Amino acid sequence: MTARAKNVSETTTGVLEVASSEREHVFEAFRRWGYLEADLDPLGFFHPLQVPELQMEGELAREARQVYCGTIGVEFAHIADPERRHWIQEYMEGPQSSVNQEAVLDQLIRAELFELVLQQRYLGTKRFSLEGVTALIPLVDEILGTAAQLGAVELVMGMSHRGRLNVIVQIAKRAPEEVFAGFEDVDPRSVLGSGDVKYHMGATGEYVTRDGAKVHIHLVSNPSHLEAVDPVTVGRTRAKQDRVGALGKAKYLPLLVHGDAAFAGQGILAETLNYSDLPGFTVGGTIHVIANNLIGFTTVPKEAHSSRSSAEIARRQAIPIFHVNAEDVDAVIRVARMATEYRYQFGSDVVIDLIGYRRHGHSEVDDPTITQPLLYKAIKEHPPLWEIYAEDIGAEDVQGRVRVIRQEYENAQQEAGSLTKKPTLRELPRYWNAYQGGRYKPEYAVDTGLPREELEEISERLVSYPADFHIHPKVKKLLEQRAEMGSGKRAVDYGMAEALAFASLVKAGIPVRMSGQDSRRGTFNQRHSVLVDVEDEHEYVPLQNISEGQGRCEIYNSTLSEAGVLGFEYGYSRDYPEALVLWEAQFGDFANVAQAVIDQFVSAGEDKWGLLSGLVLLLPHGYEGQGPEHSSARIERFLQLAARDNFQICQPSNAAQYFHLLRRQALSQWRKPLVVFTPKSMLRHPDASSPIEHLTQRFLSVLPDMEVENATRVLVCTGKIGHELREERKNRQDRSTAIVFVDQLYPFPEAELLAELERHSSARDIVWVQEEPANMGALFYMLPRLRHIAGERSVRSVKRSASPSPSTGSAKAHEMEQKTLITLAFSAK
Ligand SMILES: Cc1ncc(C[n+]2csc(CCOP(=O)(O)OP(=O)(O)O)c2C)c(N)n1
Ligand SMILES: [Mg+2]
């Protein structure tokens, strides 16, 4: 190259570099801040901001503004990974993709006319119309079309009230007459005292995408409690993914549709977002859509969140937020495609903020002009979306299409009136065929005992680790003790009983999944399910090395969340009935943070939706002087929820009982949630340990007292207090007081308890003894039942006095109280 040529070339490159860095400079500003100036609200109430950094003129700024400040506004500058940022920027700055506008128009007309027919036929009934964010339907259609190309076979969808009925028809493809039948309220006798309202019921169906691919739709049943369905949907998805293995994350796609006020306000959503990338909880990305009508009931955004837009909570994570104007349907479809491809490319959550309005009041019986008169004046004058879109695309014979679709819905409505049976809207997956709900029947009983040889063999696996593994000296000692337990030289404690139960189940091919705060080691240093090498921290999990071809055993430390994690595990149990799924609270009382999940799903799921779960809740419970928040798992609350055999509530009084209880839960075909009050100080207490022979036997709902015959006084109790009463009896050398443990509180073991009371027929005093205050514990539940079976004999109770807080904060006061309780138990007349 000549000197001159070289110079020219260098200069050209320099100019190009300057030009490209100028371009980059301008575009970077718009990539970062453009969404703030974007035109996102069809009605113009959500004003674009004037961003100082974007006040530039010129060709480059015009070009960048067109990309980043149109009807799509993307927040992605907070994503640290340059590859992800580039991916979005290339998509945004790249060519527009084509849209089948005729098909979209059809979807819009269908969605809006469905609402119209409901409005006209069932005036004054709630339906939570989708109108105002009707673009949700083409949006989901595009998600499905794109996801199917990338391997999706099922969409697992969670959503609340808004537009749900429309989604059931347009997306889950249930026949419209099935939804109309809900308004007719046919067949009320079938649901006396149970069932749920029509806009909470789950639905399943088949969607055919634009390419003719079939995607199964699973719309998850949902309570009124906003966002509570989020973790459940994600947990259900994870279970479905785990069932199929490596391709699971591509095949099962979770989609959550949120309200704007709920998205910003409800912590359970934040909890769900927080575990999206954690190995125990990830589903390879959830697509979140905010059906953002810029209002929550009567509350406007400036009252509903401190951030500019409700989506902002998601920005704490490295995930993109796509804001889009719900009235530019082609832009909505572009966003749907981009978000779905991004999810598949990076296995990441994505948020689509679909900004529109709400055509009617919160429900259709609500008058919004009282609180938002100007907004609703503007909405009244605003045409429906299908009209706007039809005009934009120059569609022909729109009125003719409207007439045909309207007639279809009116015919369906007529047919619904003549239905005599309530449609169920869904089919259950085959893996539920082997399991039963409803009332308990004796034929559900299973053998839970294991032969000694098998216990010994499993124990050996549980206490072994590779020769080159550097074990912690304390754990080494613990394993040596466990080895003695396995060979019968030492009584089995709870930790070992649990390990033996889990190991025996995975050996039989039954997967075990458990999560909770610090569950891998165990809050009380009792579990040690994962061994950590002291030299390099690599891990060895004995439970994953029990036998060839064993079931999976996964024990996870969870995020510091209760509602979010319990919801996830409940969801998991819904789609993995063959597995033993457990959630553990750090201390039992913390479960009250998950009360909505307990009330709405665990307790009422079967009653409302006919949906079963075999989830186990492990709730440490017991009065040990640790203060008001570390004593009570609130037995009373679970007993109050108990009805129609909806779940099992147990407090195993020794290690063998715990072993049998866990095995029973996994082996029985009766699938009911199991609430277990677990011990703390009793975990290693010799009195609560069991000879290994007891593991060869079975679970006893009532633990009879074999030490005393024909007692004059019978103390009935559950949990730790029983052991303290035994201790006291020994000290007193008392031979006339029997102490009976009720290890299964619900379903109530009437026959077993009656049999035990009959064994002591000369006892005149039957006393229910509990550690909890009079307004807590099992007292309210046990007294009437005990009186019923005690006949003529008197039944009294010993308990702490009623209290607004579960316990004293003073360890010494606790001891004094405990002593008084125990003394009274033996002496009170
Ligand atoms: C946890 C919870 N709190 C309160 C309510 C009562 N509630 C039902 S809908 C609603 C407003 C929801 O607003 P948004 O999330 O924006 O959804 P939209 O109705 O606007 O679609 C409220 C407060 C509820 N269902 N759940
Ligand atoms: Mg809203």
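## Around ligand 1

Here, Ala, Val, Leu, Ile, Met, Phe, Trp, Tyr, Cys and Pro count as nonpolar, Asp, Glu, Lys and Arg as charged, and the others, Gly among them, as polar. Sorted that way, the shell around ligand 1 holds five nonpolar, eight polar and two charged residues. Keep in mind that this is a predicted model.

Which residues come nearest to ligand 1? Out of the 15 around ligand 1, they are His161, Arg162, Asp260, Ala262 and Ile295. As for secondary structure, helix 10 gives the most to this shell, with three residues.

## Polar contacts of ligand 1

Now for the polar contacts. The side chain of Asp260 has an N or O atom 2.6 Å from an oxygen atom of ligand 1. Backbone atoms join in too: a polar one of Ile295 sits 2.9 Å from an oxygen atom of the ligand, and a polar one of Leu226 is 3.2 Å from a nitrogen atom of ligand 1. How much of ligand 1 does the protein bury? Taken alone, ligand 1 exposes 580 Å², and the protein buries 75% of that.

## The magnesium ion

Ligand 2 is a magnesium ion, and two names from the section above turn up again here. Asp260 coordinates the ion through OD, Asn293 through OD1 and Ile295 through its O atom, at 1.9 to 2.0 Å. Written as a sequence pattern, the donor residues are spaced D-x32-N-x1-I. Asp260 belongs to helix 10 (residues 260-265), while Asn293 is in the loop between strand 6 (287-292) and helix 12 (301-304), so this pair ties together parts that are 33 residues apart in sequence.

Are these two side-chain donors buried or exposed? Asp260 has a relative accessible area of 5%, so it is buried. Asn293 counts as buried as well, at 7% relative accessibility.

So Asp260 does double duty in this model: it is a donor to the magnesium ion, and its side chain also makes a polar contact with ligand 1. Ile295 likewise shows up in both places, coordinating the ion through O and offering a polar backbone atom to ligand 1.

## Cysteines

How many disulfides does the model have? The count comes to zero. Take Cys717: the closest cysteine sulfur is in Cys650, 15 Å away, and a disulfide needs the two sulfur atoms within 2.5 Å, so that pair is too far for a bond. Cys717 counts as buried, at 0% relative accessibility. Cys69 is another buried cysteine, with 10% relative accessibility.

Conventions:
Residues numbered from 1 in each chain as written. Chains lettered and ligands numbered in written order. Predicted model: local features only at pLDDT ≥ 70, side-chain atom pairs only at ≥ 80, totals over all residues. Heavy atoms only, no water. Donors = N, O, S within 2.8 Å, 3.2 Å for Na, K, Ca; no water. Helix = DSSP H or I, 4+ residues; strand = E, 2+ residues; numbered from the N terminus. Buried < 20%, exposed > 50% of the residue type's maximum accessible area, 1.4 Å probe, protein only. Near = heavy atom within 4 Å. Polar contact = N/O pair within 3.5 Å; in protein donor to acceptor, adjacent residues only side chain to side chain. Areas by Shrake-Rupley, 256 points an atom, 1.4 Å probe, with all protein chains shown as cover.
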